[in-house]
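Please find below my note on the model you sent round. I have kept to points that can be checked against the coordinates.

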Amino acid sequence: MSSSRLRLAPHELWRGIRSTARSDVFGGALLLAATVAAVVLANSPAAPWYEAVRDFTFGIPALHLELSVGSWAADGLLAIFFFVVGLELKEECVAGRLRDPRRAALPIAAAIGGVVVPALFFLIVNASSGAEVLRGWAIPTATDIAFAVAVIAVVGRFLPPALRVFLLTLAIVDDLIAITIIATFYTESISLPLLVLALLPLAGFAFAVQRGVRAWWILLPLAIAVWVCVHAAGVHATVAGVLLGFVVPVLPTERARVAVGEDDDGTRYDGFAAHFADRWGVVATLFAVPVFAFFAAGVSIGGIDGLLSALRDPITIGIMMGLVVGKPIGILVTTFLLSRIPALRLEASLRWPDLVGMSFLAGIGFTVSLLVGELAYGSSSVADEHVKIGVLIGSFLAAVIGGAVLAVRNSRARAALDPAGRQPDADGPQPPRHP
């Protein structure tokens, strides 16, 4: 076969790259690679170089934007990630799983339980440690969507699709709670004039997208202006990303729509929220979140003695207990209690062992947990180093336990399938095996 026949057309090559970048497994693997690289560099002879790059400061002092590289990653790049989260949240509320209150009630309640109970575990473990230590109560409350969904994609191919839907809904609501916590509890002083000033470019951005404007040279300067004003006002700049995502229209209109294909009824359109989430989700997966992880996860362990010292710290213990024990308990107990209400029954395809495995995966905190740790104790402090160790070990244990439970459940589900990929003992027609 000639080389010309093997060569992909540019649009086909780009379509393949984008499909891979949007893959749950690929996103999780890239995040894991960045984390491992950070930990290895921070504990190798290259540690001074790594720390020098992370702590190198540049920016515009007049705009309160003279930040270190690590801070630019946390405040700037994560704003892209939270912009995508804002888009997905609005999509779910307007046209997705959160639109139906009865269907969304259980995962929403489970998310709340999965926030409250881990926080209580942290507070109980650190009850006698002082007010400064208690500032970290929110660290074990977060769920990392990228890692959790990547694990379930790897080990849960034959599990009910409703389980992934439950996890996604829970994680999205969890992110909304995390954003609220950051804006409420980790903002020390707010400049009201600058916050009001941020409303002007935000209104301009909203007006533009509602009128169908997609030109980057119009929208990007407005988005940056919102980010700068929010950051200068003293609110964590990731909140700007969420606000921008919330003002993008979800449903296609005559002005704000993007053609995505044709069917028998004519051209099909998506709203701007789906379009922007598709475009910027790739940027978040390939660049923003891995770069943040690379600069945030670089903890200097200090050998066995340093690790043992960290593991004796109530901060580390509280985080690990919150992620590995508190998250599953909060999610499962809340789900069990509310599922006793007839109107809030679990979907028929879900089984409690599946939910047990999923609840452990929700204990993978990572991205937002590391961010909250920096906000609570300050970057590069001893407490922050112990936060990183607690988050990494706790998330790893939660992933292993949850992955193992779901792998067993997946094997049994696979064995129950007939050659056509259907469950013969189930009532009614069954969908083909879940890819």
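The numbered points below take up confidence, one lysine, a surface patch and the salt bridges.

1. This is a predicted model, in which local features need pLDDT of at least 70 and side-chain atom pairs count only at pLDDT 80 or more, whereas totals for chains, interfaces and linings use all residues. Residues are numbered from 1 along each chain as its sequence is written, and side-chain values use heavy atoms, with hydrogens and water left out.

2. The mean pLDDT (the predictor's confidence in each residue, from 0 to 100) of the protein chain is 86, with 89% of its residues reaching 70 or more. Among the elements (helices being DSSP runs of H or I of at least four residues, strands E runs of at least two, numbered from the N terminus), helix H1 (residues 3–6) has the lowest mean pLDDT, 43, and H15 the highest, 96. Over residues 1–14 the pLDDT is below 50, and this stretch has two contacts (heavy atoms within 4.5 Å) beyond near neighbours in sequence. Residues 424–435 also stay under 50, although the model has 17 contacts for them beyond four places in sequence. Where pLDDT is low, the predicted coordinates should not be read in detail.

3. Lys 327 lies in helix H15 (residues 314–339) and counts as buried because its relative accessibility is 0%; buried means under 20% relative accessible area, exposed over 50%, and partly exposed in between, with a 1.4 Å probe and protein chains only. A polar atom of the Lys 327 side chain is 2.9 Å from the backbone oxygen of Gly 114. Not counting residues up to four places away in sequence, Lys 327 touches several others, including Asp 174, Thr 141 and Ser 359.

4. Ile 112, Val 116, Leu 120, Leu 123 and Ile 124 form a nonpolar surface patch (residues with over 30% relative accessible area and no salt bridge, nonpolar side chains being joined within 5 Å and like charges within 9 Å) with about 440 Å² of accessible area together. Val 116, in helix H6 (residues 101–125), is partly exposed at 42% relative accessibility.

5. The structure holds seven salt bridges, each a side-chain nitrogen of Lys or Arg within 4 Å of a carboxyl oxygen of Asp or Glu. One of them joins Arg 54 and Asp 55 at 3.2 Å, N to O; Arg 54 is buried at 8%, while Asp 55 is partly exposed at 39%.

6. Lys 388 and Asp 384 meet in a salt bridge at 3.8 Å, N to O, and both are buried. They are separated by about one helical turn because they are four residues apart in helix H18 (residues 382–415). A network of salt bridges links Asp 384, Glu 385 and Lys 388.

How values were computed
Polar contact = N/O pair within 3.5 Å; in protein donor to acceptor, adjacent residues only side chain to side chain. Areas by Shrake-Rupley, 256 points an atom, 1.4 Å probe, with all protein chains shown as cover.
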